[in-house]
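User: I would like to go through a structure with you, one topic after another. Please keep the answers brief.

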Amino acid sequence: MGKVLLEVRELTTRYITRFGESVYAVDHVSLKVEEGKSLGIAGESGCGKSTLALSLMGYYFAPLHYMSGEIIVDGHNISGMNPDDVRKAILGKEIAYIPQAAMNALNPTQKIIHFVEDVIRAHDPSADKKAIYERACKLFETVGLPPQVLEKYPVELSGGMKQRTVIAVSVLLSPKVLIADEPSSALDVTSQKMVIKMIRQLLHDGLVGSLIFITHELPLLYNVTDDIMVMYAGQIVEKGAAREAVFDPLHPYSKGLMGSIIVPEEGLREVKLTAIPGVPPNLKNPPSGCRFAERCKYVQPECIVNAVGLRSTEGGRVYRCIFSEKELREAYRNG
Amino acid sequence: MAERKVCLSGSGLTKIYGFGRTRTVAVDHVDFNFYEGEVISIVGESGSGKTTLAKMLLGLTSTTEGEIYFQGQRRDISTQRKKLEYWKNIQAIFQDPFSSYNIFNKIDAVLLDCINMRGGHGFPRAKKVEMMTEACSFVNLKFEELTNKYPFELSGGQMQRLMIARIFLLMPKILIADEPTSMIDACSRATILDMLMGLRDEIGMTIIFITHDIGLAYYVSDSVYIMEKGKFVEYGTADEVILNPKEPYTKRLINDVPKIYEEWDLSTV
C-alpha cells in the first residue's frame with residue numbers, strides 16, 4: 001500500500017444563496033488517494049463533482065462554505081484554513097487544479113513564458129529568468145510539447161494545445177495531487193486523446209503524485225483511472241475499482257449510468273441505451289430517505305423514509321443501498 | 001430494402017470562404033444522396049466542414065458552387081417567401097441549447113409559433129393547448145409546468161428536449177441535428193437520442209446527424225459519411241464504415257474514441 005497523499009473524511013460543504021438558503025452540494029464525502037494512483041469521479045451535471053473538487057482544495061470563497069470534515073494533504077490538515085493562505089501555501093505545490101475551460105486562463109496579451117514565470121515567482125520570488133526558462137523547456141519536452149510554445153502568444157495555439165500548455169504549467173511545481181475537472185470536454189476527440197495521454201504520462205513519470213479526474217464520460221474514466229467513485233446529489237453512491245464499477249455496477253444509479261455508455265464497438269447497436277427517468281432532487285431540501293429513491297426501479301417503502309448509509313462488500317467496494325450485494329445482483333438478473 | 005426515395009441530394013456542392021491569401025475551401029465538391037426515413041451521420045474533426053455543409057443544406061449560407069435538390073426538385077430559396085416554404089420541410093437542432101431560444105419569449109410562445117407555422121392560426125385556443133401538451137408529453141416534459149416560464153429557467157437537457165417538442169409540432173421532412181448532445185451530460189444524452197429516434201418512427205423524417213463522436217454516429221445512424229477537409233472520404237452503412245474502416249482517417253477517428261471492451265491505443269497521437 002502506497003503513501004496516502006490525500007485523505008478526506010466526512011467532508012461537508014454548502015452553498016449559501018442570497019436568500020439565505022443552504023444547498024448541501026457535498027455531503028459527508030470520504031475518500032483516499034494513494035501515491036501513483038488515480039481516482040475518477042463520475043455523475044450527472046449538478047451532482048456536486050466540481051464543488052467537491054473546489055472543496056478538496058480548501059478553496060472556500062462565497063457562496064461556498066466549509067461545514068465539517070477533514071482534508072489531509074500529505075499529512076497536513078488543511079480543513080478550515082483561510083482560503084488566501086491555502087492559495088499561497090497549498091495550491092500549485094501540493095494540489096493543482098485544471099478547470100474545464102482551462103485554456104481561457106491564458107492572458108492573450110502575454111507570451112506563455114510570462115505565465116510560467118508568474119507561476120514560479122509566486123512560489124519562489126528569487127528564481128532567475130534563465131533557470132525558469134530551462135526548467136520550463138525541460139518539462140515541456142517531457143510532456144511532448146514543443147518548447148517553441150513558450151515563445152508564442154495564446155492566440156497562436158489551437159484549443160488542444162492551449163489546454164495541454166495549461167496542464168503542463170499547472171504541474172510545474174510537481175504537485176502531490178492533480179485535480180482535473182473535465183479537462184477534455186471542450187475538445188474534439190483527437191485533442192482529447194492527446195490530453196489524456198499527457199495526463200497519464202505525468203502520473204507515470206511521477207511529475208504529479210496522484211490524480212483525481214472528474215468527468216461524466218464513463219468510457220474515458222475507465223481508460224484513465226484506477227478507481228471510480230460515482231456521485232449522486234452530493235453523496236457518494238458507489239466506489240470501487242474502475243473495471244468493477246463499469247462492468248459490474250452495484251448501485252441502481254451506477255447501473256443506469258453504465259447503461260448510457262456509447263462506444264464504437266461491435267454490438268453497440270443491438271444494445272438499447274437505458275436512460276434514467278426523472279430528475280435529481282433539489283439539494284435545497286433533499287429528501288429525508290435515499291436521494292435516488294424517486295428514480296429507482298427497485299424502490300422499497302423504507303427507502304423513502306430512512307436515510308441510507310454506505311455499505312462495504314468483502315471485495316472492498318462501497319455502495320449506498322438498503323439491498324445486499326446478492327439481492328442487487330438477483331434484481332438485475334431478473335431485469 | 002424496398003425502393004428508396006431520394007429526399008435530399010447534392011452535386012458538386014462547394015463553399016469557399018474569403019479570397020486571395022485567405023481563401024479557404026470549407027466544403028469541396030461533395031455529392032450525396034440522402035434517402036427518405038434514413039438516419040445519416042456526417043462525422044469529422046473540428047474544421048472539416050461539417051457545420052458549413054449543414055448551413056448550406058439549411059439555406060443559412062449561400063453555396064459557392066453546386067446544386068441542392070430537394071425531393072428531386074432543384075432547391076429555390078431566392079426569395080424570403082420561398083425560403084420560409086423550404087424551412088417547413090427542413091429544420092435543425094443546434095449544439096448550444098442556451099443560445100437557440102429568444103430569451104424574451106416564454107416557452108408557450110416558442111411552441112405556438114410552431115403551430116402557427118403549420119397553418120394553425122385559426123385553431124381555437126383549447127386545440128392549441130392540446131397540441132402543445134401532446135408535444136411536451138412526447139418529450140417527457142409537463143406543459144402545465146412550462147407555461148409562463150422563460151427558456152433560461154430550464155436546464156440544458158430540458159431545453160434540448162423542448163427543441164425536439166418543436167420538431168414534433170413542425171413535422172419537417174428533414175431534421176439536421178448539429179452536435180445535439182455535445183453540451184449535455186452522458187445521462188441525458190441517451191434520453192435525447194431515444195427521443196429523436198422515436199420522432200423518426202413517429203413522423204418518418206430523415207435525420208442528418210452532425211457529430212465528431214463516432215460512437216454516437218454508430219449508435220444512431222443507418223449510413224455514415226466521413227468528412228475530411230471538406231470532402232467525403234468514406235461513406236456506407238454504419239456497420240461497413242465503423243467496423244471495417246478502409247481510410248486511414250476513419251481508422252484514426254475510431255481510434256481516438258475511448259473504448260471499454262478493447263484496449264485503447266494511446267500511442268497513435
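User: What share of the contacts in chain B with a separation of 6 or more comes from residues 24 or more positions apart?
Analyst: In this predicted model, such residues account for 68% of those contacts in chain B.

User: And how many helices and strands does chain B have?
Analyst: Chain B contains 10 helices and 10 strands. Its radius of gyration is 19 Å, close to the 18 Å from the globule rule for 269 residues, so chain B is as compact as a globular protein of that length.

User: What does the C-alpha trace of chain B span along its principal axes?
Analyst: The spans are about 60 × 45 × 45 Å. Of the 269 residues in chain B, 42% are buried.

User: Turning to helix 6 of chain B, how many of its residues are buried?
Analyst: The helix is mostly covered, with 14 of its 15 residues buried.

User: Why does the length of that helix agree with its residue count?
Analyst: Helix 6 of chain B covers residues 156-170; at 1.5 Å a residue, its 15 residues should span 21 Å, and the end C-alpha atoms are 21 Å apart, so the two agree. B:Met171 follows the helix and has a positive phi, near 45°.

User: Now the interface. How many residues of chain A are in contact with chain B?
Analyst: There are 31 residues of chain A in contact with 31 residues of chain B. On the chain A side, helix 6 (189-205) and helix 7 (218-224) each supply at least two residues. The largest share, six residues, comes from helix 6 of chain A.

User: What is the chemical make-up of that side?
Analyst: The side of chain A that touches chain B has 16 nonpolar, six polar and nine charged residues.

User: Different topic: what is the strand order in the open sheet of chain A?
Analyst: The four strands are ordered 2-1-4-5, with antiparallel pairing. Strand 2 (22-34) and strand 5 (76-77) are the edge strands, each pairing on one side only.

User: How many bridges join strand 4 and strand 5 of chain A?
Analyst: Strand 4 (residues 64-73) pairs with strand 5 over two bridges, in the antiparallel sense. A:Val73 stands opposite A:His76 of strand 5.

User: Which strands does helix 1 of chain A lie across?
Analyst: Helix 1 of chain A lies across strand 1 (4-16), strand 2 and strand 4 of chain A, and runs at about 65° to strand 2.

User: Is that helix mostly covered or exposed?
Analyst: Helix 1 (residues 49-56) of chain A is mostly covered, six of its eight residues being buried. Among them are A:Leu52, A:Ala53 and A:Leu56. Just after this helix, A:Gly58 adopts a positive phi of about 70°.

Conventions:
Residues are numbered from 1 along each chain as its sequence is written. Chains are lettered from A and ligands numbered from 1 in the order in which they are written. This is a predicted model: local features need pLDDT of at least 70, side-chain atom pairs count only at pLDDT 80 or more; totals for chains, interfaces and linings use all residues. The radius of gyration is taken over C-alpha atoms; the globule rule is 2.2 Å times the number of residues to the power 0.38. A residue is buried if 20 or more other C-beta atoms lie within 10 Å of its own, exposed if 12 or fewer, and partly exposed in between; C-beta atoms are placed from the backbone. Two residues are in contact if their C-beta atoms, placed from the backbone, lie within 7 Å. Ala, Val, Leu, Ile, Met, Phe, Trp, Tyr, Cys and Pro count as nonpolar, Asp, Glu, Lys and Arg as charged, and the others, Gly among them, as polar. The expected span of a helix is 1.5 Å times one less than its number of residues. Two strands pair if DSSP finds at least two bridges between them. Axes are lines fitted to C-alpha atoms, for helices over the stretch in contact, and angles run from 0 to 180 degrees between N-to-C directions.
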